[in-house]
Amino acid sequence: MDTLGASAVRLLGALVAGAMVGLNRDMYGKPTGVRMHALVALGAALFTLTGSELGEAGSTSRVIQGIVGGIGFLGAGVIMHADGKRALHLTTAASIWMTAALGVVCGLGAWKLAAQAAVATLLVLIIGLPIDRALYGKFRSKMEDSDLPE
């Protein structure tokens, strides 16, 4: 596969991985969805590919550092506070962070790692909520009502 084809496959892989995570967030009615997560993953992959194209020693790692630092602003924008006490949408903020990581891994062409991480992410998002709620019910007397997972 030529360089242009390899880049296109990496970008498409990031887009699909991000869209899958975004679809989960849409299904749960969260403030971000398919477009947001797909664009985050696509952007992270594009920056990663650009860093590797520069060919300078360490440029890819510097690009990845920038992505990790910059993505926090998107996550912070999603987090809201109810009554000044409880932070909301922390899982969605974490999913944005994870989607950026998936984009980086796809941009590097580490397909096995990308697939494993995407599956693990979706498993946490799908089965994590029922587990959170079950544990909350079990330990309810030790927690405040405001601590109920979303």
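## A walk from Thr99 through the helices

Start by selecting Thr99 and Ser95: the Thr99 side chain reaches the backbone oxygen of Ser95 at 2.6 Å. That is a polar contact, meaning a pair of N or O atoms within 3.5 Å; within protein, one must be able to donate a hydrogen and the other to accept it, and residues adjacent in sequence count only if both atoms are side-chain atoms.

Before moving on, know that this is a predicted model, where local features need pLDDT of at least 70 and side-chain atom pairs count only at pLDDT 80 or more, while totals for chains, interfaces and linings use all residues. Residues are numbered from 1 along each chain as its sequence is written, and side-chain values use heavy atoms, leaving out hydrogens and water.

**Stay on Thr99.** It sits in helix 4, residues 90-108. Helices (H or I, at least four residues) and strands (E, at least two) are DSSP runs, numbered from the N terminus. Thr99 counts as buried because its relative accessibility is 0%; buried means under 20% relative accessible area, exposed over 50% and partly exposed in between, with a 1.4 Å probe and protein chains only. Show its surroundings and, skipping residues up to four places away in sequence, you'll find Thr99 touching Gly18, Val21, His37, Val40 and Ala41. Contact here means heavy atoms within 4.5 Å.

**Move to Ala101.** This one is in helix 4 too, but Ala101 is partly exposed, with a relative accessible area of 33%. Draw a distance to Ala41: the two C-alpha atoms are separated by 7.5 Å, with their positions 60 residues apart along the chain.

**Now color the core.** Select Val40, Ala44, Ile67, Ile71, Val78, Ile96, Ala100 and Val104, the eight residues of the largest nonpolar core. Such a core is a set of buried Ala, Val, Leu, Ile, Met, Phe, Trp, Tyr and Cys residues joined through side-chain atoms within 4.5 Å. Helix 2 (34-54), helix 3 and helix 4 each give two or more residues to this core.

**Follow helix 3.** Residues 59-78 make up this 20-residue helix, which reaches 30 Å from its first C-alpha to its last, close to the 28 Å expected at 1.5 Å a residue. The expected span is 1.5 Å times one less than the number of residues. Which residues of helix 3 are buried? Ser59, Thr60, Ile67, Ile71, Gly75 and Val78 are. They lie on the same side of the helix because they cover an arc of only 140° around the axis, taken from the directions from the helix axis to the C-beta atoms. Spin the view, and the face turned away from that buried side shows the exposed residues Gln65 and Phe73.

**Pick Val63, also in helix 3.** Val63 counts as partly exposed because its relative accessibility is 22%. Beyond its neighbours within four places in sequence, Val63 contacts Phe47, Thr48 and Gly51.

**End at Val78 and His89.** Leaving aside neighbours within four places in sequence, Val78 is in contact with Pro31, Thr32, Leu88, His89, Thr92, Ala93 and Ile96. Click on His89, in the loop between strand 2 (86-88) and helix 4. Its phi is near 70°, a positive value in a residue other than glycine. His89 is buried, at 14% relative accessible area.

**Zoom out.** The chain has five helices and two strands, in the order α-α-α-β-β-α-α. Of its 150 residues, 33% count as buried.
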